[in-house]
Amino acid sequence: MQLALFEKSYLPLIEAKLKEVLTFPESPQEKLFAAARYSVLGGGKRLRPMLTLASAISFGGNTEIALLPACALELVHCYSLIHDDLPCMDDDDFRRGKPSLHKHTDEGTAVLVGDFLLTYAFDLLANAPCLSDSQRIRMIQTLTHSAGGQGMVAGQFLDLEAEKAPISKELQRDLHSKKTAELFSCALLFGAIAAGSSEEELENCRKIGLKLGLAFQILDDILDITASEEKHGKKISSDQANGKSTFITHYGLNGAKEEVAKLTHEIEHALNTFGHETPLMADFTLRMIR
Ligand code: GRG
């Protein structure tokens, strides 16, 4: 399937499913649900759920089975963005082109919407009628690892620590593997689990997701520098200006570009070791880092 057709067909299904799962009967906590819809609906590239569907299709799976887990993962991603924007974290006033949730409502509500989205994602997985018991358990284990104290939360913690003192190149890589790449890994794994893939295929998906996330983050740092150069005529990003190390601090601009090229090459190699073609997964992942 061509990428354009894939996006035209599946992005609307993701939007519709997200809307469906965030529709609740009238209740005293309606303001909480309305705030969740404000954050989740009508914005975001939906990279993680699209990765799940691309992976499911590439392994011959059924996208109807993969759609709910894909959306559960997007809810976890949205929770992380809401919490990341809070004054005690990255303190951002805008997200996805509109005021961040704590600016739209209040900090307490924003914290609770994040908490709700995280727990609701696990509720959806635990009760997904489309999944077998073993798929359900495997997905819950995978998401717990990727989002928790060995994954995204750990990455965010290391990121906060990195604001206090410079960190090594190795720790910089570890931080972003945990903070960004783990959820990409989880996205590919969800698709493969939904399709009933082998342990070997799952392990390869995990590795591809980690490399993809790292390359995506390095590109983000490169784009920050380019944008800042266009805006201020300076080759320094806002993170660097605040004394925070980025991949550019450690590798330099050209070195960072070389790292992306190296990771891209490794992803291409890993994609070729599945023993069968995975064209959609290959096209979608590689376009994210080109
Ligand atoms: C609060 C536990 C906790 C974690 C926050 C995701 C995250 C961790 C912070 C967001 C800040 C950031 C810029 C992270 C690195 C790259 C990234 C994950 C960007 C946002 O993802 P996109 O580009 O965003 O997929 P959209 O809005 O398209 O979904």
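# Exercises on cavities, a pocket and two buried residues

By class, two nonpolar, one polar and five charged residues form the lining of the second largest cavity. The exercises below concern a predicted model.

**Exercise 1. Describe the second largest cavity: its volume, its lining residues and the helix that gives the most to that lining.**

Solution. Begin with the volume, which is about 30 Å³. Next, list the lining: Asp84, Met89, Asp90, Gln156, Asp159, Leu160, Glu163 and Lys244. Then assign the residues to elements: helix H8 (residues 152-162) gives the most, with three residues. Finally, sort by class: five residues of this lining are charged, two are nonpolar and one is polar.

**Exercise 2. State how many cavities of 30 Å³ or more the whole structure holds, and characterise the largest cavity.**

Solution. The search of the whole structure finds two such cavities. The largest cavity contains about 110 Å³ of space. Its lining consists of Tyr38, Ser39, Cys78, Leu81, Ile82, Asp85, Arg95, Arg96, Lys98, Pro99, Ser100 and Leu101. At least two lining residues come from each of helix H2 (30-40), helix H4 (63-85) and strand E2 (98-99). Of the elements, H4 gives the most, with four residues. By class, the lining of the largest cavity has six nonpolar, two polar and four charged residues.

**Exercise 3. Determine which helices line the second largest pocket, and which of them supplies the largest share.**

Solution. The second largest pocket has a volume of about 190 Å³. Its lining residues are Arg138, Gln141, Thr142, His145, Ser146, Glu182, Ser185, Leu189, Glu199, Leu202, Glu203 and Arg206. Three helices each supply at least two of the lining residues: helix H7 (133-147), helix H9 (169-194) and helix H10 (199-232). The largest share, five residues, belongs to H7. Sorted by class, the lining of this pocket has five charged, five polar and two nonpolar residues.

**Exercise 4. Establish whether Thr52 is buried or exposed, and describe its surroundings.**

Solution. First, locate the residue: Thr52 is in helix H3 (residues 47-58). Second, consider its accessibility: Thr52 counts as buried because its relative accessibility is 0%, and the cut-off for buried is under 20%. Third, examine the contacts. Leaving aside residues up to four places away in sequence, Thr52 touches Ala66, Ala70, Leu73, Ala187, Phe190 and Gly191. With Ala187 there is a polar contact, in which the Thr52 side chain reaches the backbone oxygen at 2.8 Å. Fourth, compare sequence with space: Thr52 and Leu189 are 137 residues apart in sequence, yet their C-alpha atoms are 7.3 Å apart. Leu189 is also one of the residues lining the second largest pocket.

**Exercise 5. Explain why helix H3 is described as largely enclosed by the rest of the structure.**

Solution. Count the buried residues: eleven of the twelve residues of H3 are buried, so the helix is largely enclosed by the rest of the structure. Among these buried residues are Leu47, Arg48, Pro49 and Thr52. The helix reaches 16 Å from its first C-alpha to its last, close to the 16 Å expected at 1.5 Å a residue. After H3 comes Gly60, which has a positive phi, near 75°.

**Exercise 6. Classify Glu259 as buried or exposed, and name its contacts.**

Solution. Glu259 lies in helix H12 (residues 247-271). Its relative accessible area is 13%. The limit for buried is under 20%, so Glu259 is buried. Beyond residues up to four places away in sequence, Glu259 touches Arg173, Ile218 and Tyr251.

Conventions. Residues are numbered from 1 along each chain as its sequence is written. This is a predicted model: local features need pLDDT of at least 70, side-chain atom pairs count only at pLDDT 80 or more; totals for chains, interfaces and linings use all residues. Side-chain values use heavy atoms; hydrogens and water are left out. Buried means under 20% relative accessible area, exposed over 50%, partly exposed in between (1.4 Å probe, protein chains only). Contact means heavy atoms within 4.5 Å. A polar contact is a pair of N or O atoms within 3.5 Å; within protein, one must be able to donate a hydrogen and the other to accept it, and residues adjacent in sequence count only if both atoms are side-chain atoms. The expected span of a helix is 1.5 Å times one less than its number of residues. On a 1 Å grid over the protein atoms alone, a cavity is a set of points where a 1.4 Å probe fits but cannot get out, and a pocket is an open set with protein on both sides within 12 Å along at least five of seven lines; lining residues have an atom within 4 Å of a point. Grid points are joined across faces, edges and corners, and a volume is the space filled by probe spheres set on the points. Ala, Val, Leu, Ile, Met, Phe, Trp, Tyr, Cys and Pro count as nonpolar, Asp, Glu, Lys and Arg as charged, and the others, Gly among them, as polar.
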